[in-house]
Every structure is written in C-alpha cells, then in structure tokens.
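Good morning, and thank you for coming. I should like to take you through one structure this morning, beginning with a single residue and working outwards to the helices.

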Amino acid sequence: MVDFGFAPIEINIHDLDKADLRLSAWISERDETFKLCIACGSCTATCTAGKFTKFSFREMCHSIRRGEISEAIAESEKCMLCGKCTLACPRNVNTRNIVKLVRKANQNFKV
C-alpha cells in the first residue's frame, strides 16, 4: 500500500444520551456565555498556549459537551489564562472564565 503520509481517522462514536453532562450544566449555571460558543475555533487559532502545548479551548468545550469531564479538566490545565482567546471570540464567550470554572470543577467533580 502506498504511504501518503496520512491515514483515515479512527471512528469515535459518542452516545450523548449516556453522556455525563453535569459539568456542562454546572458551567452554564455560572457563566451563560458558555451556551453561546459555536466552536468556530477563533479562540484556538489565537491561543498563545496552543503554540507551546496542545491546548485547545475548542477541544475542551467538545469534551465538556460530550461529558468527558476528566479530559476537559486535564485540557484546562494547559491554559496560561492570558485571555487572548476572549478578545478573539466573535460571540463574546468569556473563555478565560470558562477555563477557570473547569479548573474549579476539578474540586467539585470527582471523576
């Protein structure tokens, strides 16, 4: 087989009916702007931490919405909290505050 330098991505199915959405609800109660995020990626494209680590606010939000609490908390620990993503967000999502809430959730959600 010819090696093109890439391969099909692994299929990953998420059953949202069985997802643990406690973290998503907890964050939405404390910061309503979380509901406004459409995962456009503007935050990730401007992320300073993302240039040095594999941090992605967008991926963290996907993990929260899939109910992957431990993955979301681990992702939040990579953020430098510089707030540049908050300035880049076209929907005025308070991204910095959401990252701080996810870190705080580490104390409230024992996974």
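Let me begin with Ala-45, which counts as exposed because its relative accessibility is 58%. This alanine sits in helix H2, which covers residues 42-46. Its partner for my purposes is Cys-85: the two are 40 residues apart in sequence, yet their C-alpha atoms are 8.4 Å apart in space. Please bear in mind throughout that this is a predicted model.

Now to the overall picture. The protein has seven helices and zero strands, and along the sequence the pattern reads α-α-α-α-α-α-α. Its C-alpha atoms fill a box of roughly 50 × 35 × 25 Å along the principal axes. There are 111 residues, of which 38% count as buried. Among contacts with a separation of 6 or more, 68% are accounted for by residues 24 or more positions apart.

I turn next to the helix packing, starting with H5 and H7. Helix H5 comprises residues 69-76 and helix H7 residues 95-108; their axes come within 9 Å and cross at roughly 120 degrees. That angle makes H5 oblique to H7. The crossing of H5 past H7 is left-handed. On the H5 side, the contact is made by Ala-72, Ile-73 and Ser-76, and on the H7 side by Val-99, Val-102, Arg-103, Ala-105 and Asn-106. By character, the residues of this contact between H5 and H7 divide into five nonpolar, two polar and one charged.

Two neighbouring residues at the end of H5 deserve a closer look. Ser-76 belongs to helix H5. Is Ser-76 buried or exposed? Ser-76 is buried, because its relative accessible area is 0%. Setting aside neighbours within four places in sequence, Ser-76 is in contact with Phe-55, Met-60, Val-99, Val-102 and Arg-103. Glu-75 is likewise found in helix H5. With a relative accessible area of 12%, Glu-75 is also buried. Which residues does Glu-75 touch, not counting those up to four places away in sequence? They are Lys-54, Phe-55, Ser-56 and Met-60. Phe-55 and Met-60 therefore appear in the contacts of both Glu-75 and Ser-76.

The second packing arrangement involves H1, residues 22-30, and again H7. Their axes come within 10 Å and cross at roughly 125 degrees. H1 and H7 are therefore oblique to each other. Here H1 passes H7 in a right-handed crossing. From H1, the contact draws on Leu-23, Trp-26, Ile-27 and Arg-30; from H7, on Ile-98, Leu-101, Val-102, Lys-104, Ala-105 and Asn-108. The residues of the contact between H1 and H7 divide into seven nonpolar, one polar and two charged.

On the general pattern, an α-helix has 3.6 residues a turn, so residues three or four places apart point the same way. Within H1, the buried residues are Leu-23, Ser-24, Trp-26, Ile-27 and Ser-28. The buried residues of H1 pack against H5 and H7, and also against helix H4, which spans 57-66.

Let me now address the cysteines, since a biochemist will ask about them. How many disulfides are there? With a cut-off of 2.5 Å between cysteine sulfur atoms, the count comes to zero. For Cys-47, the closest cysteine sulfur is that of Cys-79, at 6.2 Å, which is too far for a bond. Cys-47 counts as buried, because its relative accessibility is 10%. Cys-61 is in no disulfide either; the nearest cysteine sulfur, in Cys-37, is 4.3 Å away. Cys-61 also counts as buried, at 0% relative accessibility.

Finally, two points on the backbone. Ala-39 has a phi near 55 degrees, a positive value in a residue other than glycine. Ala-39 lies in the loop between H1 and H2, and it counts as buried because its relative accessibility is 15%. Leu-81 is not a glycine either, and has a positive phi of about 60 degrees. Leu-81 is placed in the loop between H5 and helix H6, the latter covering 84-88.

To close, let me return to H7. H5 crosses H7 in a left-handed sense, whereas H1 crosses H7 in a right-handed one. Val-102 and Ala-105 of H7 are listed in the contact with H5, and also in the contact with H1. Thank you; I shall be glad to take your questions.

Conventions. Residues are numbered from 1 along each chain as its sequence is written. This is a predicted model: local features need pLDDT of at least 70, side-chain atom pairs count only at pLDDT 80 or more; totals for chains, interfaces and linings use all residues. Side-chain values use heavy atoms; hydrogens and water are left out. Axes are lines fitted to C-alpha atoms, for helices over the stretch in contact, and angles run from 0 to 180 degrees between N-to-C directions. Helices (H or I, at least four residues) and strands (E, at least two) are DSSP runs, numbered from the N terminus. Angles under 35 degrees count as roughly parallel, over 145 as roughly antiparallel, 65 to 115 as roughly perpendicular and the rest as oblique. A crossing is left-handed if the near helix is turned anticlockwise from the far one by less than a right angle, and right-handed if clockwise. Contact means heavy atoms within 4.5 Å. Ala, Val, Leu, Ile, Met, Phe, Trp, Tyr, Cys and Pro count as nonpolar, Asp, Glu, Lys and Arg as charged, and the others, Gly among them, as polar. Buried means under 20% relative accessible area, exposed over 50%, partly exposed in between (1.4 Å probe, protein chains only).
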